[in-house]
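Welcome, and take a moment to turn the model around before reading on. The report below walks through a few of its features, one at a time.

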Amino acid sequence: MMDLLPRIPINRWTDIGIEYLQIKWGGGFDSLSEFLKGFIISLQDLLIFIPPALMILILALLAWRFINKKAALFGIIGLYLIYNVGLWGATMQTLAMVISSVVLCIILGIPLGILAAKSDTAHQIITPILDFMQTLPAFVYLLPAVTFFGLGVVPAAIATLIFAMPPVIRLTDLGIKQVPEELVELGHSFGSTFHQMLFKIELPLARPTIMAGINQCIMLSLSMVVISAMIGAKGLGGEVWRAIQRMEIGNGFEAGLAIVVIAILLDRITQSFGKNED
């Protein structure tokens, strides 16, 4: 009985849609690709230009300021280990790509989260899209990214953006909705405008939840670095991918350890940003 039903040509519809977007917006994708490539490469060059000792000191001081002395000591040891095994340049390339992807996620995700919190219609539209984005295998994102942006760091950043942005949107939405109704009514009673309510009451109170979303975004971005290496992104993911292809277990472990060090530092620092001051 099932064989009598015609096959739904989802693959053909997808190809037609991609082809239409390439014809209609190909120039726009090229311009966006050039802009993102210039931004990411410039950030990579800047991070690599900074002497390793100075960068280690900066990150250690940030860890000391926002976390504690133990975190600062971990940062010094972990980052020196990365430098010692010859992965400093690759680490800075990965850090630049992660920073770029997270910045894009914040620029797009927080406004969408605010929109979802303020509009039930927007929430009902955005939620299933986020469900789709979070459940679709990460490898599938590489196909349209390569189609529109070619190979290299730009499609890697775009694929990372799609994969890592949902937590920012969801937790921004949740954080604003969790603001106590009494404070919202108090703001309205004093004649606060929409922007005053948003920037002086709702967003400050929602900061811990929003920062939790950004923290998850950073972790998801780091989890994409090896997958991104499959489409030409360099950095630590490229080192791991090369080690897999050559069965160099030791080199792969070193690169994986470097990713862990960066992930722990970024995780602890962003967690500290999410704590409300007493």
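A salt bridge is a side-chain nitrogen of Lys or Arg within 4 Å of a carboxyl oxygen of Asp or Glu. Please keep in mind that what you are looking at is a predicted model.

**Charged pairs**

With that rule in hand, D173 and K177 are a good place to start: they form a salt bridge, and their closest N and O atoms are 3.3 Å apart. Both residues sit in helix 8, 4 residues from each other, so about one helical turn separates them. The two partners differ in how they are covered: D173 counts as buried, at 8% relative accessibility, while K177 is partly exposed at 42%.

By this rule, the count for the structure is 5 salt bridges. Side chains of opposite charge can pair when their charged atoms come close. Three of these pairs are set out here.

| Salt bridge | Closest N to O distance |
|---|---|
| R170 and D131 | 2.4 Å |
| D173 and K177 | 3.3 Å |
| E239 and R242 | 3.2 Å |

How far apart in sequence are the parts that R170 and D131 tie together? R170 belongs to helix 8 (residues 166–177) and D131 to helix 5 (residues 120–135), so their salt bridge links parts that are 39 residues apart in sequence. R170 is partly exposed, with 28% relative accessible area, and D131 is also partly exposed, at 37%.

The pair of E239 and R242 stays inside one helix. These residues are 3 apart in helix 12 (residues 236–246), which puts about one helical turn between them. Here E239 is partly exposed at 28% relative accessible area, and R242 is partly exposed at 34%.

**Helix 8 and its cover**

Helix 8 has now come up in two of the pairs, so let us look at the helix itself. Helix 8 has 12 residues, and its first and last C-alpha atoms lie 17 Å apart, close to the 16 Å expected at 1.5 Å a residue. Is helix 8 mostly covered or mostly open? Mostly covered: 9 of its 12 residues are buried. Among them are P166, P167, V168, I169 and L171, and D173, the salt-bridge partner of K177, belongs to the buried group as well. The elements covering these buried residues include helix 4 (88–118), helix 5, helix 7 (153–164) and helix 10 (194–223).

Helix 4 also holds S100, which counts as buried at 3% relative accessibility. Which residues does S100 touch, leaving aside its neighbours within four places in sequence? They are F39, I40 and L43.

**Two cysteines without a bond**

How many disulfides does a search of the whole structure find? The search finds 0. C105 and C217 show why: the sulfur of C105 is 3.5 Å from the closest cysteine sulfur, which is in C217, and that is too far for a bond. The cut-off for a disulfide is 2.5 Å between the two sulfur atoms. Both cysteines are buried, C105 with a relative accessible area of 0% and C217 likewise with 0%.

**A nonpolar patch on the surface**

Now turn to the outside of the model. L54, L57, I58, L61, L62, W64, F66 and F273 form a nonpolar patch there, and together they have about 690 Å² of accessible area. Which helix gives the most to this patch? Helix 2 (residues 52–66) does, with 7 residues. L54 is located in helix 2 and counts as partly exposed, at 41% relative accessibility.

**The whole chain**

Stepping back, the protein chain has 13 helices and 0 strands. Its C-alpha atoms fill a box of roughly 65 × 60 × 40 Å along the principal axes. Of the chain's 278 residues, 42% count as buried. Among contacts with a separation of 6 or more, 78% are between residues 24 or more positions apart. The chain exposes about 15900 Å², with carbon and sulfur atoms supplying 68% of that area.

Note on methods
Residues are numbered from 1 along each chain as its sequence is written. This is a predicted model: local features need pLDDT of at least 70, side-chain atom pairs count only at pLDDT 80 or more; totals for chains, interfaces and linings use all residues. Side-chain values use heavy atoms; hydrogens and water are left out. Patches are made of residues with over 30% relative accessible area and no salt bridge: like charges are joined within 9 Å, nonpolar side chains (Val, Leu, Ile, Met, Phe, Trp, Tyr) within 5 Å. Accessible areas come from the Shrake-Rupley method with a 1.4 Å probe; for residues, only the protein chains shown count as cover. Buried means under 20% relative accessible area, exposed over 50%, partly exposed in between (1.4 Å probe, protein chains only). The expected span of a helix is 1.5 Å times one less than its number of residues. Contact means heavy atoms within 4.5 Å.
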